[in-house]
Amino acid sequence: LDMLQFLIFEGVEEDCRKIVATDLTYPPERLLTLVMGANKFSQNGHVEPLRSCLKVLSAIIPWWSTEAVPHVPEGREIEAAQYLLGILNRHMNDEQLFISTLHLFTGLL
(Lines give C-alpha, C1' and ligand atoms only; values in the text may rest on other atoms or scores of the structure.)
Protein backbone atom coordinates (compact mmCIF):
# COMPACT_ATOMS: atom_id res chain seq x y z
CA LEU A 1 0.00 0.00 0.00
CA ASP A 2 2.88 2.37 0.69
CA MET A 3 4.17 1.92 -2.86
CA LEU A 4 0.69 2.49 -4.29
CA GLN A 5 0.36 5.69 -2.27
CA PHE A 6 3.69 6.86 -3.65
CA LEU A 7 2.69 6.10 -7.24
CA ILE A 8 -0.74 7.73 -6.97
CA PHE A 9 0.05 11.03 -5.29
CA GLU A 10 1.38 14.33 -6.56
CA GLY A 11 5.04 14.60 -7.36
CA VAL A 12 4.94 11.52 -9.59
CA GLU A 13 4.73 12.00 -13.34
CA GLU A 14 1.14 12.43 -14.47
CA ASP A 15 1.44 9.61 -17.01
CA CYS A 16 2.61 7.24 -14.29
CA ARG A 17 -0.24 8.26 -12.00
CA LYS A 18 -2.79 7.65 -14.75
CA ILE A 19 -1.36 4.22 -15.58
CA VAL A 20 -1.38 3.13 -11.94
CA ALA A 21 -4.92 4.47 -11.40
CA THR A 22 -6.12 2.63 -14.51
CA ASP A 23 -4.42 -0.58 -13.42
CA LEU A 24 -6.12 -0.33 -10.01
CA THR A 25 -9.58 0.27 -11.42
CA TYR A 26 -9.84 -1.76 -14.61
CA PRO A 27 -11.44 -4.18 -14.82
CA PRO A 28 -13.97 -2.83 -12.28
CA GLU A 29 -13.52 -5.92 -10.09
CA ARG A 30 -10.13 -4.52 -9.05
CA LEU A 31 -11.77 -1.44 -7.59
CA LEU A 32 -14.28 -3.60 -5.72
CA THR A 33 -11.37 -5.68 -4.40
CA LEU A 34 -9.76 -2.52 -2.98
CA VAL A 35 -13.03 -1.57 -1.27
CA MET A 36 -13.39 -5.12 0.08
CA GLY A 37 -9.80 -4.98 1.35
CA ALA A 38 -10.46 -1.71 3.15
CA ASN A 39 -13.48 -3.32 4.79
CA LYS A 40 -11.41 -6.34 5.89
CA PHE A 41 -8.76 -4.06 7.41
CA SER A 42 -11.57 -2.26 9.23
CA GLN A 43 -13.21 -5.47 10.47
CA ASN A 44 -9.93 -6.81 11.82
CA GLY A 45 -8.90 -3.57 13.52
CA HIS A 46 -5.94 -2.87 11.23
CA VAL A 47 -6.30 0.91 11.26
CA GLU A 48 -3.04 1.97 9.58
CA PRO A 49 -3.47 -0.31 6.54
CA LEU A 50 -7.10 0.90 6.40
CA ARG A 51 -5.90 4.51 6.31
CA SER A 52 -3.44 3.66 3.52
CA CYS A 53 -6.11 1.85 1.52
CA LEU A 54 -8.53 4.77 1.90
CA LYS A 55 -5.82 7.21 0.77
CA VAL A 56 -5.20 5.17 -2.37
CA LEU A 57 -8.93 4.88 -3.06
CA SER A 58 -9.43 8.60 -2.49
CA ALA A 59 -6.63 9.41 -4.91
CA ILE A 60 -8.19 7.35 -7.69
CA ILE A 61 -11.79 8.33 -6.87
CA PRO A 62 -11.77 12.05 -6.12
CA TRP A 63 -15.09 12.99 -4.51
CA TRP A 64 -14.95 16.50 -5.94
CA SER A 65 -14.35 15.42 -9.54
CA THR A 66 -16.75 16.41 -12.28
CA GLU A 67 -15.11 13.95 -14.67
CA ALA A 68 -16.14 10.33 -15.00
CA VAL A 69 -14.79 8.29 -12.12
CA PRO A 70 -13.99 4.58 -11.99
CA HIS A 71 -16.83 2.31 -11.00
CA VAL A 72 -17.41 -1.06 -9.40
CA PRO A 73 -18.84 -3.89 -11.52
CA GLU A 74 -22.38 -3.30 -12.71
CA GLY A 75 -24.88 -4.84 -10.33
CA ARG A 76 -22.42 -4.84 -7.40
CA GLU A 77 -22.88 -1.24 -6.30
CA ILE A 78 -24.90 -2.28 -3.24
CA GLU A 79 -22.13 -4.66 -2.20
CA ALA A 80 -19.58 -1.83 -2.39
CA ALA A 81 -21.94 0.45 -0.46
CA GLN A 82 -22.33 -2.18 2.27
CA TYR A 83 -18.55 -2.41 2.68
CA LEU A 84 -18.26 1.36 2.95
CA LEU A 85 -21.18 1.51 5.40
CA GLY A 86 -19.44 -1.10 7.54
CA ILE A 87 -16.32 1.06 7.68
CA LEU A 88 -18.42 4.13 8.54
CA ASN A 89 -20.21 2.28 11.35
CA ARG A 90 -17.03 0.87 12.87
CA HIS A 91 -15.08 4.13 12.73
CA MET A 92 -17.64 6.85 13.38
CA ASN A 93 -15.53 8.07 16.31
CA ASP A 94 -12.46 8.54 14.11
CA GLU A 95 -13.18 11.74 12.23
CA GLN A 96 -10.44 11.27 9.62
CA LEU A 97 -11.49 7.72 8.71
CA PHE A 98 -15.16 8.65 8.76
CA ILE A 99 -14.71 11.64 6.43
CA SER A 100 -12.39 9.72 4.08
CA THR A 101 -14.97 6.95 3.77
CA LEU A 102 -17.80 9.43 3.31
CA HIS A 103 -15.87 11.08 0.48
CA LEU A 104 -15.52 7.68 -1.18
CA PHE A 105 -19.28 7.26 -0.99
CA THR A 106 -19.73 10.62 -2.67
CA GLY A 107 -17.22 9.89 -5.42
CA LEU A 108 -18.02 6.25 -6.04
CA LEU A 109 -21.75 5.84 -5.60
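**Exercise 1. Classify Phe41 by its accessibility and place Phe41 in the fold.**

Solution. Step 1: the relative accessibility of Phe41 is 26%, which means that Phe41 counts as partly exposed. The classes are buried (under 20% relative accessible area), exposed (over 50%) and partly exposed in between, with a 1.4 Å probe and protein chains only.

Step 2: look for Phe41 in helix H3. Helices here are DSSP runs of H or I with at least four residues, strands are runs of E with at least two, and both are numbered from the N terminus.

Step 3: turn to Ile87, which is 46 residues away from Phe41 along the chain. The C-alpha atoms of the two are separated by 9.1 Å.

A word on the model before we go on. This is a predicted model, in which local features need pLDDT of at least 70 and side-chain atom pairs count only at pLDDT 80 or more, while totals for chains, interfaces and linings use all residues. Residues are numbered from 1 along each chain as its sequence is written, and side-chain values use heavy atoms, with hydrogens and water left out.

**Exercise 2. Check the span of helix H5 and find what covers its buried residues.**

Solution. Step 1: helix H5 takes in residues 77-90, 14 residues in all. The expected span is 1.5 Å times one less than the number of residues.

Step 2: that rule gives 20 Å for H5, and the end C-alpha atoms are 20 Å apart, so the two values agree.

Step 3: list the buried residues of H5, which are Ala80, Ala81, Tyr83, Leu84, Gly86, Ile87 and Leu88.

Step 4: their cover includes helix H3 (28-43), helix H4 (47-60) and helix H6 (95-108).

Step 5: try H4 in the same spirit. H4 has 14 residues and reaches 20 Å from its first C-alpha to its last, close to the 20 Å expected. Among the buried residues of H4 are Leu50, Arg51, Cys53 and Leu57.

**Exercise 3. Work out which salt bridges Arg51 forms and what network results.**

Solution. Step 1: recall that side chains of opposite charge can pair when their charged atoms come close. The cut-off for a salt bridge is a side-chain nitrogen of Lys or Arg within 4 Å of a carboxyl oxygen of Asp or Glu.

Step 2: pair Arg51 with Glu48, where the closest N and O atoms are 3.4 Å apart. Both residues lie in helix H4, and because they are three residues apart, about one helical turn separates them. Arg51 is buried at 17% relative accessible area, whereas Glu48 is exposed at 53%.

Step 3: pair Arg51 with Asp94, with 2.8 Å between the closest N and O atoms. Asp94 sits in the loop between H5 and H6 and Arg51 in helix H4, so this pair ties together parts that are 43 residues apart in sequence. Asp94 is partly exposed, at 21% relative accessibility.

Step 4: through shared partners, the salt bridges join Glu48, Arg51 and Asp94 into one network.

Step 5: complete the count. The whole structure has three salt bridges, and one of them links Glu79 and Arg76 at 2.8 Å, N to O. Arg76 is partly exposed, with a relative accessible area of 31%.

**Exercise 4. Summarise the chain as a whole.**

Solution. Step 1: count six helices and zero strands.

Step 2: of the 109 residues of the chain, 38% count as buried.

How values were computed. Contact means heavy atoms within 4.5 Å.
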